[in-house]
Structure formats: C-alpha cells, structure tokens
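Me: I would like to go through this model term by term, and to see what each description rests on.

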Amino acid sequence: MFILLEGKPIAEKIKTALAAEIAMLKTKHGKSPKLVALQIGDNASSAVYVKAQKKAAESIGIEYELKMLPQDLSQSEVENVISDLNKDISTSAVILQMPVPKGIDPKILVNMIAPGKDAEGMHPENLGKILSGQYRIAPCTAMAVMELLESTGIKLYGKEVVVVGHSEIVGKPLSIMLLNKFATTTVCHIATGERGTLPDHVKRAEVLIVAVGKAGVVKGEWIKDGAIVIDVGINKVGDKIVGDVEFESAAKKASYITPVPGGVGPLTTTILMRNAMEQFKAKL
Ligand code: NAP
C-alpha cells in the first residue's frame with residue numbers, strides 16, 4: 001500500500017512559518033520583502049505562473065510586482081531593466097518568467113540578475129554554492145523535491161537514488177543536493193534512454209526522481225518494491241495532466257509516490273517565496 005506524497009500540506013507548513021517570520025521582521029525593521037517578476041510579452045503559460053506567484057506572495061506578506069515588458073523590447077533594453085532592478089533598494093528578489101520571446105537570450109538575462117537578488121537560484125554563483133553544500137537559496141523545483149523526500153523521514157545516506165533527467169534547472173542541481181546527503185546518486189539522461197539501459201537503473205532505485213517531460217517514459221513495472229517515487233514531469237495528454245511515470249502500475253510497487261498534478265508543483269512556488277525571503281533577510 002502506497003502513501004500519496006502531496007506537496008500542498010508541506011507548502012502550507014512552509015508558508016505559515018514564512019508568514020510569521022515576515023510579520024516579525026516587519027515589526028522589527030519596518031520592511032517587507034518585495035519580489036519582482038519580469039515578463040516579456042504576452043504568454044498564456046507565464047500568466048498561470050504569475051497568478052499563482054502573486055497569490056502565494058500576498059498570502060504571506062511578500063509584496064509582488066509584475067513588470068510586463070513589451071514583446072518587441074531588444075536584448076539590451078531588457079538588460080537595462082535588470083540593471084535598474086539590481087540597483088533598486090526596494091527590490092529584494094527578481095524572477096524572469098519563461099519562456100522569453102525569440103531573439104532574447106534568457107541565459108544572459110538570468111546571469112545578469114544580481115546573485116543577491118536571484119529568486120530562482122539559477123545564477124551561476126548561487127548554483128556553485130550548492131557544490132559545497134553552503135547555500136541559502138536553490139533552484140525551486142530541485143529544492144521542492146528535497147522537501148518532499150525529507151517529509152518521508154527517509155535517510156538518504158547510502159541509498160540508491162536514481163535521477164532521470166539532467167536539466168540545469170532540475171536534474172543537475174538535484175543530483176548535487178542528493179550527493180551532499182551522501183546518497184549513492186545515479187543520473188540518467190537522453191543517452192541512457194537511447195542506450196536502452198534506463199529500465200536497469202530504475203529497477204535499482206530505492207528513491208526515484210523523474211524530470212523528463214515525456215508521459216510514461218518510466219514504466220510502472222520497472223519500479224523497485226517499496227521505492228519512493230517523485231514525479232516532476234508535467235505533460236498534457238488529451239485534456240489531462242500526467243507525469244513522466246505510469247502512475248497506476250508504479251503505485252502498486254511504491255511506498256510513497258507523488259501525484260501529478262499535486263506533488264512537486266504546489267511546492268515549487270512556495271520555495272520561490274522562501275528564496276525571495278532569504279534574499280531579503282541577507283540584506284537586513
Ligand atoms: P528539460 O530541460 O527538457 O530536461 C529534460 C531532461 O530529460 C533532459 O536532461 C533530457 O536529456 C532528459 N531526457 C529526455 N528524454 C529522455 C529519455 N528518454 N530518457 C532519459 N532522459 C531523457 O526539462 P525540465 O525543465 O528539467 O523539466 C522536466 C519536466 O518537469 C517537464 O515535464 C516540466 O514541465 C516539469 N517541471 C515541473 C515543475 C514543477 O513545478 N512540477 C518544475 C519544472 C519542470 P537531454 O537534455 O540530454 O536531452
């Protein structure tokens with residue numbers, strides 16, 4: 001029998017603690033954190049994220065400002081906006097909403113956000129700190145996975161952990177965070193899939209984390225008995241949202257498994273708020 005590992009209860013706990021700390025700091029210093037979201041042009045998927053971010057921020061006392069920039073702004077004009085935000089003392093943290101229009105290089109922009117104002121933990125300086133295990137902020141989805149794992153009470157020390165997907169935003173930082181906990185970490189990626197050895201690795205996993213973006217890329221029959229399964233994937237299949245792991249058959253084998261939607265997703269925005277708060281606190 002599996003336990004459904006939902007993100008919402010953990011997110012609520014973190015938000016309650018953040019709200020109390022923000023209120024306390026406001027009383028003490030007369031200031032609150034401010035998160036600025038930069039959105040370039042109109043985009044339906046960004047609009048969904050922005051709405052969720054605003055709701056989460058305002059529910060805990062973080063000021064949220066959406067800066068909508070015209071679609072046809074040049075790279076250097078966007079860079080000027082970021083420079084101004086870096087200098088603005090009222091801005092605690094900045095997030096660049098993805099995707100950006102064609103002709104804009106998001107990597108240059110992310111690298112331009114001051115490391116002390118980076119809300120997503122994607123600046124190279126902040127990513128680098130993960131290597132030494134000395135970090136206050138981290139990429140939101142990777143951190144959300146770590147929170148989910150911690151909630152199970154599992155000790156990662158020496159465990160066989162398999163991460164499927166090696167993106168800069170999820171798989172790579174996560175694999176380092178797991179190494180910091182002394183997990184025996186294997187990272188699978190496109191070449192593992194092409195070589196046909198993905199099932200062999202998944203079958204060994206006591207903890208499996210999948211962040212690929214392909215519905216059903218991991219079959220339920222591959223799951224080790226009693227494994228903890230964290231499915232980061234979000235895929236639209238018909239009118240349904242599903243993960244990367246075949247849920248029904250995987251749930252028969254797993255001890256814990258995240259639902260999609262409702263697992264990692266609800267925690268990601270909360271971690272973004274925690275990052276913004278950490279940046280604010282570091283400047284007090
Ligand atoms: P991404 O940048 O496209 O990375 C996908 C990774 O999967 C890549 O490392 C890719 O390898 C690897 N891959 C592709 N096919 C594979 C296969 N057959 N076998 C093994 N590995 C394979 O995506 P992402 O940004 O990491 O996101 C992954 C998924 O998580 C997406 O569905 C996304 O929507 C979801 N997501 C959810 C949240 C949330 O809050 N719940 C947040 C972020 C992302 P190569 O790069 O070598 O091709």
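**Sheets, helices and their terms**

Me: Which strands does helix α3 lie across, and how does the helix run relative to β2?

Reply: Helix α3, residues 75-87, lies across β2, β3 and β4, and runs at about 175° to β2. Angles run from 0 to 180 degrees between N-to-C directions, with axes as lines fitted to C-alpha atoms, for helices over the stretch in contact. Helices (H or I, at least four residues) and strands (E, at least two) are DSSP runs, numbered from the N terminus. This is a predicted model, in which local features need pLDDT of at least 70 and side-chain atom pairs count only at pLDDT 80 or more, while totals for chains, interfaces and linings use all residues. Residues are numbered from 1 along each chain as its sequence is written, and side-chain values use heavy atoms, leaving out hydrogens and water.

Me: What is the strand order of the open sheet of 3 strands, and why is one side of β3 and of β4 left without a neighbour?

Reply: The order of this open sheet is β3-β2-β4, with parallel pairing. β3 (63-69) and β4 (93-96) stand at the edges and have a single partner strand each, so one side of each lacks a neighbour in the sheet. From one strand to the next the twist averages 20°.

Me: How do you know that β2 and β3 pair?

Reply: Two strands pair if DSSP finds at least two bridges between them. Strand β2 (residues 34-40) and β3 are joined in the parallel sense over 7 bridges, and the criterion is therefore met. As one example of the register, L35 has Y64 in β3 as its bridge partner.

Me: What is the order of the open sheet of 6 strands, and how many bridges join β1 and β11?

Reply: The order is β1-β11-β8-β7-β5-β6, and the pairing is parallel. β1 (3-4) and β6 (184-188) each have a single partner strand and stand at the edges, so each has one side without a neighbour in the sheet. β1 pairs with strand β11 (residues 256-257) in the parallel sense over 2 bridges, and I3 stands opposite Y256 in β11. Helix α6 (residues 140-152) packs on this sheet and touches β7 (207-210), β8 (228-231) and β11, its direction making about 155° with that of β8.

Me: What makes α1 roughly parallel to α11?

Reply: Helix α1 (residues 8-29) and helix α11 (residues 265-283) pack at an angle of about 20°, their axes 9 Å apart. That angle makes α1 roughly parallel to α11, because angles under 35 degrees count as roughly parallel, over 145 as roughly antiparallel, 65 to 115 as roughly perpendicular and the rest as oblique. Contact (heavy atoms within 4.5 Å) involves residues including I10, I14 and L18 of α1 and L267, I271 and F280 of α11. The residues of this contact divide into 12 nonpolar, 1 polar and 5 charged, where Ala, Val, Leu, Ile, Met, Phe, Trp, Tyr, Cys and Pro count as nonpolar, Asp, Glu, Lys and Arg as charged, and the others, Gly among them, as polar.

Me: Why are α2 and α11 called oblique to each other?

Reply: Helix α2 (residues 44-60) and α11 pack at an angle of about 55°, with axes 10 Å apart, and α2 and α11 are therefore oblique to each other. Their crossing is right-handed, with the near helix turned clockwise from the far one by less than a right angle. A52, Q53, A56, A57 and I60 of α2 meet T269, L272 and M273 of α11, and the residues of this contact divide into 6 nonpolar, 2 polar and no charged.

Me: Which peptide bond into P99 is cis, and where is P99 found?

Reply: The bond from M98 to P99 is cis, with omega near 0°, and P99 lies in the loop between β4 and α4 (106-112). The bond from V260 to P261 is also cis, with omega near 0°, and P261 is in the loop between β11 and α11.
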